[in-house]
Number of protein chains: 2
Amino acid sequence: MDGARSMANVKMSDIASLAGVSESTVSRALSDNPLINEATRLRIKKIAEDHGYVLDLRARNLRLQKTGTISVVFPLLHEVDSGFSDPFFLEMLGYLADELSDRHYDLLLHKIAPGEPRGLVELINERRSDGVVVIGQSTQNAVINELASRYEPLVVWGAALPDNHYLTVGSDNYNGAVMAVQHLVALGHRRIAFFGDKILPEIGERYAGYVAALEKADIALDPSLECRVPFDRLGARKAMNGFLDKKLPFDAVFAASDLVAIAAINVFDQRGIRVPVDVSIVGFDDIMLAAAYTPALTTVRQDIGGGAKALVETLFHRLNGTPTQSTILPTSLVVRASCGAK
Amino acid sequence: MDGARSMANVKMSDIASLAGVSESTVSRALSDNPLINEATRLRIKKIAEDHGYVLDLRARNLRLQKTGTISVVFPLLHEVDSGFSDPFFLEMLGYLADELSDRHYDLLLHKIAPGEPRGLVELINERRSDGVVVIGQSTQNAVINELASRYEPLVVWGAALPDNHYLTVGSDNYNGAVMAVQHLVALGHRRIAFFGDKILPEIGERYAGYVAALEKADIALDPSLECRVPFDRLGARKAMNGFLDKKLPFDAVFAASDLVAIAAINVFDQRGIRVPVDVSIVGFDDIMLAAAYTPALTTVRQDIGGGAKALVETLFHRLNGTPTQSTILPTSLVVRASCGAK
DNA sequence: AACTAAAATGCAATCGATTGCAATAACTAT
DNA sequence: ATAGTTATTGCAATCGATTGCATTTTAGTT
């Protein structure tokens, strides 16, 4: 770990000697403290510049008791696929990176495995970051709740569950699902399947919207039309094939996410079921690839950029002590080819 | 920034008083230093545990002159799309996160805009991380080269350009492209278009492979069959539509990335050109969605997981002073439906 | 020129750890 | 017992900044 850094390592005391002043003066000059004489300030800045001086953030942060960093945590949905699975999360990450760097904050990326929620607690205790954004509550609701009672600068992307004690930012999953299903109903579909795992809070909300929309359209809910699709690719295919093997008649699918929709179209294709000719399908998320898919995916758009912005704003309000609330972002239906309406 | 942290903030000196020993002893006990008496060590650890003590990494890192963090930098390819564009990069990011967390290192995520390469230099100077992984040299080769001469713990994912002074880990783009094009040739195609922007080093290597494979097959290179597809979605569509407007006959496409291939299939579809019936297409990357696409994409697989591993290993060798070299990872052809061979 | 007010700078403590060296306690051998 | 080890523990300096308070310098007033 030595000899690795071959770059000039100028520190504040060096600049101080060079300028013939004290460290205090250098510190103040560099931070534009008005106590310092204009001429002195300029001279010091010039010297610092010339010698390529850069503040050591470790030291400054230790002194100031902050870090200039925000942790972004992804609870993994399952053990199988070790990478991030859903492009949705990744788009969110990109936007978060933008929002944070606009505020000159750094982004510390963490993944926590389903087994070990302790990770979150340690992350916080080590004081590596000034606040935490958790992307998706997954099945960790209880842990997050417990944690939030002791740690304030925490915001979660996900569903606003009734028993949450933590701040959330999330999409209006319920109404998004209602719109999706109503659209399918309007196209004349009656036997609409639900593909997704409603154990996850957000998916649960989407399922509730599905149920409500069916009820409103006077279509009896047929529980056998629900296919519990897990988040890993193989499991998903297996579940969907199992569903198809039952040979239940259905004319449309409301998929709980675009990824599920895409996987479904693929499985359908292999069995000669054509989308949207034989079956209409609507997804959820509007990931970048939804528009580029063939057929292009009808889907419920979540405002990912807006979500990232709200997450960061909410977090900074917390950090500054400004009162804030949870946010629910509106969703909208994007009609494309996969539902046959085009 | 005050009152934000409501969590108990126990520090080492607190544990020391509680245990009736000095801070030194606590420090040593917690790090299992054999100097400390077994009984004392256990007692101190117990107390620390009971009081939820966690090391303040800022302080430790300042003292030890390290950070326990690795920066991962994404040079943005274009100004338009502010998010990360390519799922390939994001899969890479996921794997890097795994590799680093296995080594108990944190991952600091950075994006640098095309305009301001200074970002990289500052990032390094602020000493926020012990090393840097740059994902894709983009068009920043000169900057990276200059930087690498002064800063050692730096590894770059990308092409091993002849004038590089920095360590790289990358795929065998050339041979991957050769395989892809040879496959198309073997299927009887003669007019094979190249879709991609060869200004980027890696794409340049793929183009070279394309040219070589054609030559070997005695097919004259037709420059009009090259379509310079930029990285942003709109620009890409525009370029491809422009290409199609020229009505040049072609029977296959070698796309420089899966994303380009997917976009191409989409544009083709809108014009009634069917894949693989009318045109065969081969992509590059094997992103997760390549298999899930309809038609499933024939593509050149890059070993992303292996790449991430090599990047991290190479970087740690650098940090430890162990001599290392650049790595070129083998690529392989994955045959699926989009080339019509299935 | 003398004195006061204001402006500019420096001193030294502090953030929370680690570690070389000195000091003390506990043992061993004679 | 006594000197000589050896096993434990503590002191104090250090990492690189920031900042309240004291101090010096400069400017302003009569």
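This report covers two protein chains, their contacts with DNA strand D, and one sheet of chain B. The model is predicted.

**Two copies**

Chain B superposes on chain A by a rotation of 180 degrees with 0.0 Å of shift along the axis. The RMSD of that fit is 0.1 Å. The two copies are thus related as by a two-fold rotation axis. Which residue of chain B comes closest to the rotation axis? Leu108(B) does, with its C-alpha at 2.4 Å. Of the interface residues of chain B, 99% are also interface residues in chain A, so the copies meet through the same surface.

**DNA strand D**

DNA strand D is surrounded by 26 residues. The closest are Lys11(A), Met12(A), Ser27(A), Arg63(A) and Thr25(B). Sugar and phosphate make up 60% of the strand D atoms that come within 4 Å of the protein. By class, the surface near strand D holds nine nonpolar, nine polar and eight charged residues.

Polar contacts to strand D include these three. Each distance is between the two atoms named in its row.

| Protein atom | Atom of DNA strand D | Distance |
|---|---|---|
| Met12(A), backbone N or O | phosphate oxygen | 2.5 Å |
| Ser24(A), side-chain N or O | base oxygen | 3.3 Å |
| Arg63(B), side-chain N or O | base oxygen | 2.9 Å |

Which elements give two or more residues to the surface near strand D? In chain A they are helix H2 (23-30) and helix H4 (57-64). In chain B they are likewise helix H2 (23-30) and helix H4 (57-64).

**A sheet in chain B**

Six strands of chain B form an open sheet. Their order is S7-S6-S8-S9-S10-S12, and the pairing is mixed. Strand S7 (226-227) and strand S12 (332-334) of chain B stand at the edges. Each has a single partner strand, so one side of each is left without a neighbour in the sheet.

Strands of a sheet pair through backbone hydrogen bonds, either parallel or antiparallel. For S12(B), the pairing with strand S10 (298-301) of chain B is antiparallel and spans three bridges. Val300(B) has Leu333(B), in S12(B), as its bridge partner.

A helix also lies across this part of chain B. Helix H11 (258-270) of chain B lies across strand S6 (192-195), strand S8 (252-255), strand S9 (280-285) and S10 of chain B. The helix H11(B) runs at about 150 degrees to S9(B).

Terms used: Residues are numbered from 1 along each chain as its sequence is written. Chains are lettered from A and ligands numbered from 1 in the order in which they are written. This is a predicted model: local features need pLDDT of at least 70, side-chain atom pairs count only at pLDDT 80 or more; totals for chains, interfaces and linings use all residues. Side-chain values use heavy atoms; hydrogens and water are left out. A residue is near a molecule or strand if one of its heavy atoms lies within 4 Å of it. A polar contact is a pair of N or O atoms within 3.5 Å; within protein, one must be able to donate a hydrogen and the other to accept it, and residues adjacent in sequence count only if both atoms are side-chain atoms. Helices (H or I, at least four residues) and strands (E, at least two) are DSSP runs, numbered from the N terminus. Ala, Val, Leu, Ile, Met, Phe, Trp, Tyr, Cys and Pro count as nonpolar, Asp, Glu, Lys and Arg as charged, and the others, Gly among them, as polar. Two strands pair if DSSP finds at least two bridges between them. Contact means heavy atoms within 4.5 Å. Axes are lines fitted to C-alpha atoms, for helices over the stretch in contact, and angles run from 0 to 180 degrees between N-to-C directions. Copies are superposed by least squares on the C-alpha atoms of residues with pLDDT of at least 70 in both.
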